[in-house]
Structures are given as structure tokens and as C-alpha cells.
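Student: I would like a close look at one helix packing and its surroundings. Please keep the answer in one piece.

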Amino acid sequence: MAEPLNTSTGHVPKGEHKGAFPPFQSQTFASQLVWLVIAFVLLYVLMLKVALPRVAKIIENRQKRIDDDIADAGKLKTQSDEAVAAYEKALADARARAQTIANETRESQATAAEARRKTLEGELNAKLAEAEKSITATKTAAMANVRAIAEDATRAIVEQLIGSAPSDKAVADAVADALKR
Amino acid sequence: MATDPIHQFQIVNLFPIAKIGNTEIAFTNSAAFMLTAVVAITAFLVIGTARRSLVPSRLQSAAELSYEFVAGTVRGTAGAEGMKFFPFVFTLFMFILTVNMIGLIPYTFTVTSHIIVTAALAITVFLTVLIYGLWRHGLHFFNLFVPKGVPIYILPLIVFIEVLSFISRPISHSVRLFANMLAGHITLKVFAGFIVLMGGSLGAIGWAGGVLPFAMIVILTALETLVAFLQAYVFAILTCIYLNDAIHPGH
């Protein structure tokens, strides 16, 4: 505080100022105080009643808006979560149903194929049995022919060897005897 | 006259208002700048908040910033209960900041460069603390001077120091602001005076050499802008700290 005073005495030419260093001229104090009180009280009232409530309202509104928006966002998120869950459930159901249908189809197809296979097998067996029967018949016929040919041949051989034809009965017995062995 | 660094602090009576006894009450240049500050602050906040938009304009953003800056300071220093003094601290901060900033404009007057103004503000804070503290806590307010856990034999000394520091608060509170504003403005004016002095005495060379003090003024103006803000902030935060003592006197 002393320094500015020194500066003032150092730089100010004499007679420039009416009195002391301006901040210490006590005759100005009353005017300054009166106006300071007026200005400060006026500003305080203006701030308290007008300016600050306006700013506070704006900040409060914004905070409220932000809180509301966050709450809305939370609600929407719950909704979307529910939608996702429903979608996944539907997807799982559809998959299960598809699985069931596939299984049923496979089974019915398998049953049909089995039935067709059995029919075919039966037909084939029948044909086989028929063929076997005809083979047996042919064989029997052939065997009968063999006996007749053998009897003829035997008769012819014996006739050639002994000069007289054997009786039919003897030839038949001999052939039957030979065939038995 | 132009180079006199003290002239800028002169109080000029613009017109007289009243006369009480031998004391003349006048409308002065100081009063004009005080009222200018009041109008400027009110206009800043009212025009800034006129649109009340959700997404603020620049001016609204600045108004909200000043509000939240001071509110944050008060809440951080004096707690939630201190918010009842928020309008007071806000008024102090904005008033001091605005008159400091206006004072940086050439040819203006700096209201806070007068000790009577800063002293009046500091005493207002001091009395607010004292009266609120006594009203709120009664005689328990004086616990402020009796720290807990101090050995009984040095307690008288501690209490003496605490009382002394409490009483000297308004002095340091007011002189800090006053001296900062006064010294800063004198320095600016002295450097500005050098330019005129050099130009006047050395002619062309002097005017060329005047670049140096001019550069100094540019740098000092930046510094003084910082000081203008910082002193307003310091005044406000000290007010909060003192108010915190009134609200919570138990150390």
C-alpha cells in the first residue's frame, strides 16, 4: 500500500491533484459507499429475483429432460429385449416344429419303402417258388424219360448180347435197381 | 496529465445528489461504472436466457457456465447448506469480475481500485459470517476459535491467534483485491507513459524504441485479464470459506 503512494509522489507533478492519493481521499468515501450500496443491493435483488431463477429453471429443465429421456430409453430397451425374447422363442418353436415334420416324413417314407420292399419280395418269392416247381416238374419228366431211354437201351443191349429180348418186367426191375444205386 | 499513472484513479463528481452535514453525496464516475456493471451483468444473464433453449446458444452457454461455476464453488467449499448464500456469492463474484474487466478497457475507471469499495465488500462478508454464525449456532459459533485436540497449556495462545486471524480477515480480503487492481493499472499506465516519454524526447528513434514498452503492455494486459478474473474468483472462494466457518464452526 505504501508503494503506490511513493509512486504517486514520484510521478505526479505538484498541484496536479487536490489532495492525497485518490484511493485515500476520504471526502470521496461517502459518495462511493452510497453508490456501492445502491448498485450492490440492486444487483443482488436482480440476481435473486430475476436472473438466477431463470438460469436455474433452464438447467433444471434440461436435467429433467435428460432424466426423462434416459427413462424412456430404458423403457424402450426393455421393450426391445422382450421383442428379442419373443422372436427367439418363435424361432425355437419353428425349429422344433420343422424337426417334428422332418422326423414324421422320414418315418412315413421309411414305412412306405418297407411295405414296397415286402411286396416286391413276396412277388419275387412267388416267382421263385413257381420256377422251382417247374424245374422239379421238368426234372421229374426228365427222370421219367431217362428210365424209358435206359429200359430201351438195356433191352437193345441185352438183345444184342444174348439174341433174344428180355421181358419188359425184367428190364424195368434191372433199371430201377441200377437207378437206386 | 496523459502520462500520470495516478490520474486514472481520480474520483470525479459528475453531479451532486445530496448533502448530509458537511459530507457531499455526488454521482461520480465510480458510481457510473458500478451501475454500468449492474446493467451489463443483468443484461448478460437476462438476454442470455431469453430463448431458454434446451441446447444453449453461446451467450446462454456463458450465462449457464457462470451460474454453474459459482454454484460449484459454493457447493464444493461451503457444502449444500452454503447454497443459501449462493445469490450473495454470485452477486459478489459477478460484480467484482465485471468491474475488474471494464477497468481493463482504456479510459475507463476501475471501481475495485479504491480501498473503500473493497473494504465495504469485505466487511459485508465479515458481518454476514459473524451474524449468521451467531444466529445459527449461538455461542457455539465461538468454537471456531477453539480447535479440538489442542493441549490445554497452548490453548490460550491458539485461541488468541485464531481470533486475530478471524479479525484480520476483512483486511487481507479487501487489501488483496484493491492492491492487485491498483498495482496492475499503475504498471500498465507507467509502461504506456514510457512510449510517450521516449517518443517525445528521442523523436523517431524514440517512437521506434517504443515498440518494446508497447509489447510489454500487450503482455501485461493479458496478465491483468487473468488477474481480474483470478481476484474475483479468490474473493468469491474466500467468501465461501468464511461462510463455511459460519455454517460449520466446529473445525
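Student: How close do the axes of α2(B) and α6(B) come, and at what angle do they cross?

Tutor: This is a predicted model, in which local features need pLDDT of at least 70, side-chain atom pairs count only at pLDDT 80 or more, and totals for chains, interfaces and linings use all residues. Residues are numbered from 1 along each chain as its sequence is written, and chains are lettered from A and ligands numbered from 1 in the order in which they are written.

The axes of α2(B) and α6(B) come within 8 Å and cross at roughly 35 degrees. Axes here are lines fitted to C-alpha atoms, for helices over the stretch in contact, with angles from 0 to 180 degrees between N-to-C directions. Helices are DSSP runs of H or I with at least four residues, strands are runs of E with at least two, and both are numbered from the N terminus. The crossing of α2(B) past α6(B) is right-handed, meaning that the near helix is turned clockwise from the far one by less than a right angle.

On the α2(B) side the contact is made by B:V70, B:T73, B:V74, B:T77 and B:A78, and on the α6(B) side by B:A236, B:I237, B:C240, B:I241, B:L243, B:N244 and B:I247. Two residues are in contact if their C-beta atoms, placed from the backbone, lie within 7 Å. By class, this contact has nine nonpolar, three polar and no charged residues; Ala, Val, Leu, Ile, Met, Phe, Trp, Tyr, Cys and Pro count as nonpolar, Asp, Glu, Lys and Arg as charged, and the others, Gly among them, as polar.

B:V89 touches residues of both helices: leaving out residues up to four places away in sequence, its contacts are B:V70, B:V74, B:A236, B:T239 and B:C240. B:V89 is also among the residues with the most contacts inside the largest nonpolar core, which has 58 residues; the others are B:M34, B:L92, B:F93 and B:I96. Such a core is a set of buried Ala, Val, Leu, Ile, Met, Phe, Trp, Tyr and Cys residues joined through C-beta atoms within 7 Å, where buried means that 20 or more other C-beta atoms lie within 10 Å of a residue's own. Among the elements giving two or more residues to this core are α2 (58-78) and α6 (211-247) of chain B, together with α2 (29-162) of chain A. The largest share, 11 residues, comes from α3(B).

By contrast, strand β1 (residues 13-20) of chain B lies largely in the open, because zero of its eight residues are buried.

Conventions: A residue is buried if 20 or more other C-beta atoms lie within 10 Å of its own, exposed if 12 or fewer, and partly exposed in between; C-beta atoms are placed from the backbone.
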